[in-house]
Amino acid sequence: MDFLGLTKCAQGNKTDVVLCSYDDHFLVIATQIGAMGTILHARKEEGVSIEPTFNVSAVFGKRDEPMLLACARQLIQHISISGSSRSLVISLGLKDHSAETLKGVVSAVIENRLW
């Protein structure tokens, strides 16, 4: 298992980010509240379609936050484009669910990616 922890500032809020690489999935935890927050699972769907499709679902927490789903979708697409077929489990415990905050989280994860 590879592991990386870092702290970034997103929209004025201290954001702790933890990245873990396991044999079959990646785990990303981003928190501004010191707790896990909403947990999402994202994976690439295997099929006969030329264009890849992705499945993102809320496992625990807020299910009515489209920006959280979009964040997970962006990351699983990046993982897939990089050539990995592993799924993603992401926990977002954020004070602010704005597009700017989530862009900051996505950027921090991609800049420090383990895939």
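**Strands and overall form of a predicted model**

In this predicted model, strands β1 and β2 run antiparallel and are joined by 9 bridges.

Trainee: Which residue in β2 is the bridge partner of aspartate 2?
Mentor: Strand β1 covers residues 2-10 and β2 covers residues 13-21. The two strands run antiparallel. The bridge partner of aspartate 2 is serine 21.

Trainee: Which residue in the hairpin of β1 and β2 takes a positive phi?
Mentor: The hairpin has 2 residues between its strands. Most residues other than glycine have a negative phi. One residue in the loop between β1 and β2 has a positive phi of about 55° although it is not a glycine, and that residue is glutamine 11.

Trainee: How many bridges join β4 to β5?
Mentor: Strand β4 spans residues 38-45, and β5 spans residues 53-60. Lysine 44 of β4 stands opposite phenylalanine 54 in β5. The two strands run antiparallel, and the number of bridges joining them is 7.

Trainee: Which residue in β6 does alanine 42 stand opposite?
Mentor: Strand β4 also pairs with β6, residues 87-93. These two strands run antiparallel and are joined by 5 bridges. In β6, the residue opposite alanine 42 is leucine 88.

Trainee: What pattern does the protein follow along the sequence?
Mentor: The protein has 2 helices and 6 strands. One helix stands between β5 and β6, and another comes after β6. Read along the sequence, the pattern is β-β-β-β-β-α-β-α.

Trainee: What radius of gyration does the protein have?
Mentor: The C-alpha atoms fill a box of roughly 45 × 30 × 20 Å along the principal axes. For 115 residues, a compact globule would have a radius of gyration near 13 Å. The value for the protein agrees with this, because it is 13 Å.

Trainee: What share of the residues counts as buried?
Mentor: A residue counts as buried when its relative accessible area is under 20%. The accessible surface of the whole protein comes to about 6,300 Å², and 52% of that belongs to carbon and sulfur atoms. Of the 115 residues, the buried share is 39%.

Trainee: Among contacts between residues at least 6 apart in sequence, what share joins residues at least 24 apart?
Mentor: A contact here means heavy atoms within 4.5 Å. Among the contacts between residues at least 6 apart, the share joining residues at least 24 apart is 57%.

Trainee: How far apart do the centres of the positive and negative side chains lie?
Mentor: The protein has 11 positive and 12 negative side chains. Each set has its own centre, and the distance between the two centres is 3 Å.

Methods. Residues are numbered from 1 along each chain as its sequence is written. This is a predicted model: local features need pLDDT of at least 70, side-chain atom pairs count only at pLDDT 80 or more; totals for chains, interfaces and linings use all residues. Side-chain values use heavy atoms; hydrogens and water are left out. Helices (H or I, at least four residues) and strands (E, at least two) are DSSP runs, numbered from the N terminus. The radius of gyration is taken over C-alpha atoms; the globule rule is 2.2 Å times the number of residues to the power 0.38. Buried means under 20% relative accessible area, exposed over 50%, partly exposed in between (1.4 Å probe, protein chains only). Accessible areas come from the Shrake-Rupley method with a 1.4 Å probe; for residues, only the protein chains shown count as cover. Lys and Arg count as positive and Asp and Glu as negative; His and the chain ends are not counted. The place of a charge is taken as NZ of Lys, CZ of Arg, CG of Asp or CD of Glu. Two strands pair if DSSP finds at least two bridges between them.
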